[in-house]
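I opened this entry to record what I looked up on packing and on charged pairs. The structure comes first, and my notes follow.

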Amino acid sequence: MIIIFILSFSFQVNSGEIDGKGVICNIYGDTIGYFFDADRAYEYKISGGKEGLEIVKKDVGKYITNENSIFINEIKINRKNLNYQKYSSFRGECQAYESFDSFKKGFDIEKLIKDNKI
């Protein structure tokens, strides 16, 4: 009975801990964002739309945390230096955002495409 209490307490401590926050990562030149809400991670990517580039949202499932990392399926983000790792080879660096508004502003499409040649 005590073990069940301890396990449920440790799960509750990590559950929703980073809800309302997000990270935007640069992974081999591509920009991918993750926003955390209601114990779930949502992936945001820039993609071609009907009128031009737009930000596309995708629910990628539950996230878990510990004192050092955020885990989203096979993705690991270091909480201290914000390094991104997927599998053993995909790596990148992220920037943290404290609210959804600041997270959205981090996707400055004009800034991201200003050096494009075509």
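Which residues does Phe36 touch, not counting those up to four places away in sequence? The model is a predicted one, and I read the contacts from it on that footing. I found that Phe36 touches Ile18, Asp19, Gly20, Lys21, Gly22 and Val23, and also Ala41, Tyr63, Ile70 and Ile72.

Entry on the nonpolar cores. I next looked up the largest nonpolar core, which has 17 residues. Phe36 is among the members that touch the most other members, together with Val23, Tyr34, Ile72, Ile77 and Tyr84. I then noted which elements give two or more residues to this core: β1 (21-27), β2 (30-37), β4 (53-65), β5 (69-72) and β6 (75-78). Another core lies apart from it and holds 7 residues, including Phe35, Tyr42, Tyr97 and Phe107. As general background, I noted that nonpolar side chains tend to be buried together in soluble globular proteins.

Entry on the salt bridges. How many salt bridges does the count come to? I recorded 5, and I looked up three pairs in turn.

I began with Glu17 and Arg79, whose side chains meet in a salt bridge at 3.1 Å, N to O. Glu17 lies in the loop between α1 (2-14) and β1, and Arg79 in the loop between β6 and β7 (83-86), so this pair ties together parts that are 62 residues apart in sequence. I checked the exposure of both partners. Glu17 has a relative accessible area of 36% and is partly exposed; Arg79, at 27% relative accessibility, also counts as partly exposed.

For the second pair, I looked up Lys86 and Glu74, which form a salt bridge with their closest N and O atoms 3.7 Å apart. Lys86 is in strand β7 and Glu74 is in the loop between β5 and β6, so the pair ties together parts that are 12 residues apart in sequence. Lys86 is partly exposed, with a relative accessible area of 23%, and Glu74 is partly exposed at 36%.

The third pair is Lys45 with Glu43, where the closest N and O atoms are 3.8 Å apart. Is Glu43 buried or exposed? I found that Glu43 counts as buried, at 12% relative accessibility, because buried means under 20% relative accessible area. Its partner Lys45 counts as partly exposed, at 38% relative accessibility.

Terms used
Residues numbered from 1 in each chain as written. Predicted model: local features only at pLDDT ≥ 70, side-chain atom pairs only at ≥ 80, totals over all residues. Heavy atoms only, no water. Core = buried A, V, L, I, M, F, W, Y, C linked by side-chain atoms within 4.5 Å. Buried < 20%, exposed > 50% of the residue type's maximum accessible area, 1.4 Å probe, protein only. Helix = DSSP H or I, 4+ residues; strand = E, 2+ residues; numbered from the N terminus. Contact = heavy atoms within 4.5 Å. Salt bridge = Lys/Arg side-chain N within 4 Å of Asp/Glu carboxyl O.
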